[in-house]
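Got your viewer open? Let's take a walk through this one, a selection at a time.

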Amino acid sequence: MQAIAVRKGEEQPRLVELPKPEVEPGEALVRTLRVGVDGTDHEVLSGGHGGFPEGEEQLVLGHEAVGVVESAPTESSLSRGDVVVPTVRRPPEGVTNDYFERKEPDMAPPGQYVERGIDGGHGFMAEYFTSPVEYLVPIPDNLAEIGFLVEPISITEKALELAYASRSSFDWTPTRALVLGNGSLGLLTLAMLDGYEEVYCLGRRDRPDPSIDIIEKLGATYIDSRETPVSEIPHAYEPMDLVYEATGYAKHAFESIEALAPNGVAALLGVPARGWRFEVAGSDLHREFVLNNKALVGSVNSGHEHFEAAIDTLSALDESFLDALVTGVYDLDSFGTAFETDDRTIKTAIEFHSL
Ligand code: NAP
Ligand code: BGC
Ligand code: ZN
């Protein structure tokens with residue numbers, strides 16, 4: 001079968017030929033429909049994040065998948081023909097640990113998991129993949145075409161849950177939200193922010209730009225970070241109750257503290273490359289944090305219940321938004337286009353089998 005992988009020492013994905021995977025006890029065989037591409041895939045390609053499976057020379061890419069069950073154990077809840085989305089984390093070398101036992105693998109620290117397509121485990125960019133049934137989440141057939149968005153939406157389901165939980169001990173009624181980043185995660189999150197009076201999204205693009213069009217169609221205000229740095233936003237606009245960082249730009253973690261209103265919370269999602277050192281006004285930020293009851297929460301990956309929530313969220317998203325967000329779905333002959341990063345590309349996917 002054909003698969004898309006990155007080899008050690010290379011930064012471009014390649015089409016490779018692999019044997020169709022053998023099903024182990026307790027596993028389902030899945031015929032892959034589509035696999036999305038996100039910023040993390042680019043970080044994996046550039047060597048900035050993730051790693052190869054132990055002792056192997058290549059990593060099959062892809063962690064945002066949707067497929068159809070070809071075969072499943074008879075005693076399982078899945079049947080041939082079910083449309084499923086796989087979760088990303090697995091126990092290292094198949095040896096379970098407390099996080100997996102508690103069904104909270106998303107809370108495991110590095111070393112206690114592998115991430116398929118990212119860190120130490122082969123991903124889903126192949127014509128077929130296998131997975132223990134417990135890591136496959138069934139989705140309605142009518143979401144098959146866009147099912148590759150369930151995983152990224154689940155990331156925001158978890159991050160917002162953590163952020164809101166941190167404000168749950170008092171009466172908190174957020175009215176202003178700011179999303180940092182106009183990539184696929186930022187825009188999906190913007191579309192998910194219900195109930196806010198004002199929503200803003202930060203980028204660094206000139207108009208005309210398709211991501212700015214999406215921001216404005218969603219009723220949000222575009223902020224250009226080249227004109228208004230994050231720390232200036234409360235003065236140029238208003239202080240924010242919620243900040244959601246999806247740029248991977250390390251200064252934003254600290255500038256978010258300044259952008260927050262009293263009692264506000266910022267969720268940090270980006271995974272910046274290591275090694276950038278810069279100065280921050282440490283004691284001022286510390287005071288600001290404490291005297292205004294502010295919170296910063298980091299959030300990574302997502303659990304089964306976040307995938308379930310993401311399915312409902314995806315079903316409710318506006319079709320015209322999704323059409324604008326997904327700028328291309330490419331077959332294996334033109335898979336390279338899915339990894340291009342020009343200004344017209346927002347969210348892409350690769351189709352391994354047609355629906
Ligand atoms: P992406 O497509 O690369 O989007 C990042 C966006 O941020 C880009 O549109 C980029 O603008 C913008 N940006 C970067 N620096 C900026 C700055 N200084 N000012 C304004 N805009 C800036 O990536 P993504 O898939 O949306 O993911 C976003 C981040 O979240 C990545 O770091 C990714 O690794 C991380 N992530 C984390 C999780 C998790 O579980 N924690 C899950 C998914 C993704 P340009 O395109 O104009 O450069
Ligand atoms: C994936 C997550 C993963 C994170 C860190 C994200 O792009 O969607 O599942 O945990 O990267 O590797
Ligand atoms: Zn991702």
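What follows is a list of stops, each with something to select and something to look for. Keep in mind as you go that this is a predicted model.

**Stop 1: the two domains**

Start by colouring the chain by domain. Domain 1 takes in 2-138 + 318-351, and domain 2 covers 154-298. Going by C-alpha atoms, their centres sit 28 Å apart. How many residues of domain 1 are in contact with domain 2? There are 12 of them, and they meet 12 residues on the domain 2 side.

**Stop 2: the largest nonpolar core**

Now select Leu-149, Tyr-244 and Leu-314. These have the most contacts inside the largest nonpolar core, which has 54 residues. Next, pick out helix H3 (residues 150-165), which supplies six residues, the largest share of this core. Where does the core lie with respect to the domains? Domain 1 and domain 2 both give residues to it, so the core lies between them. As background, nonpolar side chains in soluble globular proteins tend to be buried together.

Stay with Tyr-244 for a moment and show what surrounds it. Beyond its close sequence neighbours (those within four places), Tyr-244 is in contact with a list of residues including Ile-155, Thr-156, Ala-159 and Leu-160. Leu-178, Val-179, Leu-180, Leu-185, Thr-189, Ala-267 and Leu-269 are also among its contacts.

Then look for another core, of 27 residues, lying apart from the largest one. To find it, select Ile-4, Ala-65, Val-84 and Ala-338, which are among its members.

**Stop 3: helix H4**

Select residues 184-192, which make up helix H4. Is this helix mostly covered or mostly open? It is mostly covered, with eight of its nine residues buried. Among the buried ones are Ser-184, Gly-186 and Thr-189, along with Leu-187, Leu-188 and Leu-190. Thr-189 turned up at the last stop too, as a contact of Tyr-244.

**Stop 4: ligand 2**

Centre the view on ligand 2 and show the residues around it. They include Asp-38, Thr-40, His-49, His-63, Val-88 and Glu-115. Ile-118, Glu-151, Ile-155, Val-300 and Asn-301 are there as well. You have met Ile-155 before, in contact with Tyr-244.

Three side chains are worth a distance label:

- His-49: a polar side-chain atom lies 2.7 Å from an oxygen atom of the ligand.
- Glu-151: an N or O atom of its side chain is 2.8 Å from an oxygen atom of the ligand.
- Asp-38: here the distance from a side-chain N or O atom to a ligand oxygen atom is 3.1 Å.

How much of ligand 2 does the protein bury? Taken alone the ligand exposes 310 Å², and the protein buries 92% of that.

**Stop 5: His-306**

Move on to helix H9 (residues 304-316) and select His-306. Its relative accessibility is 4%, so His-306 counts as buried. The His-306 side chain reaches the backbone nitrogen of Gly-303 at 2.8 Å. A polar contact of 3.4 Å also links it to the side chain of Glu-161. Show its other contacts too: Asp-106, Ser-154, Glu-157 and Lys-158 are among those more than four places away in sequence.

**Stop 6: Thr-96**

Finish in the loop between strand S7 (89-90) and helix H2 (98-101), where you'll find Thr-96. At 42% relative accessibility, this threonine counts as partly exposed. Its side chain makes a polar contact of 3.0 Å with that of Glu-101. Last, draw a line from Thr-96 to Tyr-113: they are 17 residues apart in sequence, and 9.0 Å apart C-alpha to C-alpha.

Conventions:
Residues are numbered from 1 along each chain as its sequence is written. Chains are lettered from A and ligands numbered from 1 in the order in which they are written. This is a predicted model: local features need pLDDT of at least 70, side-chain atom pairs count only at pLDDT 80 or more; totals for chains, interfaces and linings use all residues. Side-chain values use heavy atoms; hydrogens and water are left out. A nonpolar core is a set of buried Ala, Val, Leu, Ile, Met, Phe, Trp, Tyr and Cys residues joined through side-chain atoms within 4.5 Å. Buried means under 20% relative accessible area, exposed over 50%, partly exposed in between (1.4 Å probe, protein chains only). Helices (H or I, at least four residues) and strands (E, at least two) are DSSP runs, numbered from the N terminus. Domain bounds come from an automatic or database domain assignment. Contact means heavy atoms within 4.5 Å. A residue is near a molecule or strand if one of its heavy atoms lies within 4 Å of it. A polar contact is a pair of N or O atoms within 3.5 Å; within protein, one must be able to donate a hydrogen and the other to accept it, and residues adjacent in sequence count only if both atoms are side-chain atoms. Accessible areas come from the Shrake-Rupley method with a 1.4 Å probe; for residues, only the protein chains shown count as cover.
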